[in-house]
Amino acid sequence: MIQDPPALQESAAVPAADPGSRLTVVVGYVVALLLGVLFGVLGTVVHQSSFSVFGLFDLPIGLVVALPALAVLLTGLRLIHPTRLPAFLAAVGAIGMVTVFALPSPGGSVLIPAGVPGMVWLVGSSLVAVVVIAWPGSPRPKP
C-alpha cells in the first residue's frame with residue numbers, strides 16, 4: 001500500500017481557517033464603516049469642484065463624481081453581502097461625516113456651505129443611502 005509523504009500527512013491535520021469566523025465578520029463591518037467615512041470625507045471635500053464649459057456654465061464635476069461613487073460603494077456592499085448591515089454601516093459613516101462637516105467648526109468655518117452644491121450633496125448623499133439600503137434584495141438561491 002502507498003502511503004502519503006509525512007509532509008502531506010501533517011498538513012492534512014491542520015484545520016483550515018473558517019472564512020465565516022466572528023473576527024472576519026467584525027473586521028468586514030469595521031472596514032465597511034471606515035469606507036463610508038472615507039467616502040463621506042472625500043465627497044465633502046470635492047463636492048464643490050466645478051469647471052466652466054466654454055464660459056457658458058459651470059459643471060459641478062465634484063457632485064457628478066461624489067454621488068455616484070457613494071451609490072456604487074453602497075450598492076456593491078449590498079450585492080456582496082447577504083444582509084444590509086455592511087451597506088448600512090457604510091451609509092452611517094458617510095452620512096455621519098457629511099453631517100459633521102455641515103456644522104460650523106469652533107472657528108466658524110463650514111465645509112458644506114448653504115449653496116446649491118452643498119444642499120445637493122447634503123440631501124443627495126442621504127437620499128442615495130436611503131434608496132440603496134431600502135431597495136429590495138434579489139432572491140438568493142439556497143445551497
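Pro136 is in contact with Arg78 and Arg84, once its neighbours within four places in sequence are left aside. In this predicted model, Pro136 is placed in the segment after H5. Its relative accessible area is 60%, above the 50% limit, and Pro136 is therefore exposed.

**Overall organisation and confidence**

The chain holds 143 residues, and buried residues make up 23% of them. Its secondary structure comes to 5 helices and 2 strands. Read from the N terminus, the elements follow the order α-α-β-β-α-α-α. Of the contacts between residues at least 6 apart in sequence, 66% join residues at least 24 apart. The accessible surface comes to about 9,700 Å², and carbon and sulfur atoms account for 76% of this area.

The mean pLDDT of the chain is 85, with 82% of the residues reaching 70 or more. Among the elements, the highest mean pLDDT, 95, belongs to H4, whereas the lowest, 50, belongs to helix H1, which covers residues 6-13.

**The nonpolar core**

In soluble globular proteins, nonpolar side chains tend to be buried together. The largest nonpolar core of this model has 19 residues. Within this core, the residues with the most contacts are Leu70, Leu74, Leu77, Ala90, Ala91, Trp121 and Val128. Three helices each supply at least two residues of the core: H3 (61-80), H4 (85-102) and H5 (116-134). The largest share, 7 residues, comes from H3.

Which residues does Trp121 contact, leaving aside its neighbours within four places in sequence? The partners of Trp121 are Phe39, Gly40, Gly43, Thr44, His47, Leu63, Ala66, Leu67, Val98 and Ile112.

Ala91, another of the core residues with the most contacts, lies in helix H4. Its relative accessibility is 6%, under the 20% limit, so Ala91 counts as buried. Not counting residues up to four places away in sequence, Ala91 touches Leu74, Gly96, Ala129 and Ile133. Of these partners, Leu74 is also listed among the core residues with the most contacts.

**Pairs distant in sequence**

The table gives three residue pairs with their separation along the chain and the distance between their C-alpha atoms.

| Pair | Separation in sequence | C-alpha to C-alpha distance |
|---|---|---|
| Val72 and Val128 | 56 residues | 9.8 Å |
| Ala91 and Leu33 | 58 residues | 7.7 Å |
| Val130 and Ala91 | 39 residues | 8.4 Å |

Two of the residues in these pairs have exposed positions on helices. Val72 is placed in helix H3, and its relative accessible area of 60% is over the 50% limit, so Val72 is exposed. Val130 is found in helix H5; with a relative accessible area of 53%, which is likewise over 50%, Val130 is therefore exposed. By contrast, Ala91, the partner of Val130 in the table, is buried at 6% relative accessibility.

**A nonpolar patch on the surface**

Leu33, Leu85, Phe88 and Val92 make a nonpolar surface patch of about 310 Å². Helix H4 gives the most to the patch, with 3 residues. Val92, one of the patch residues, lies in helix H4. Is Val92 buried, partly exposed or exposed? Its relative accessibility is 41%, between the 20% and 50% limits, and Val92 therefore counts as partly exposed. Leu33 also belongs to the patch, and its C-alpha atom lies 7.7 Å from that of Ala91. Helix H4 thus appears in both settings, because it supplies at least two residues of the nonpolar core and 3 residues of the surface patch, on the definition of helices as DSSP runs.

**The loop between the strands**

Phe54 is found in the loop between strand S1 (51-53) and strand S2 (57-59). Most residues other than glycine have a negative phi. Phe54 departs from this pattern, with a positive phi near 55° in a residue other than glycine. At 78% relative accessibility, over the 50% limit, Phe54 counts as exposed.

Notes
Residues are numbered from 1 along each chain as its sequence is written. This is a predicted model: local features need pLDDT of at least 70, side-chain atom pairs count only at pLDDT 80 or more; totals for chains, interfaces and linings use all residues. Side-chain values use heavy atoms; hydrogens and water are left out. A nonpolar core is a set of buried Ala, Val, Leu, Ile, Met, Phe, Trp, Tyr and Cys residues joined through side-chain atoms within 4.5 Å. Buried means under 20% relative accessible area, exposed over 50%, partly exposed in between (1.4 Å probe, protein chains only). Helices (H or I, at least four residues) and strands (E, at least two) are DSSP runs, numbered from the N terminus. Contact means heavy atoms within 4.5 Å. Patches are made of residues with over 30% relative accessible area and no salt bridge: like charges are joined within 9 Å, nonpolar side chains (Val, Leu, Ile, Met, Phe, Trp, Tyr) within 5 Å. Accessible areas come from the Shrake-Rupley method with a 1.4 Å probe; for residues, only the protein chains shown count as cover. A salt bridge is a side-chain nitrogen of Lys or Arg within 4 Å of a carboxyl oxygen of Asp or Glu. pLDDT is the predictor's confidence in each residue, from 0 to 100.
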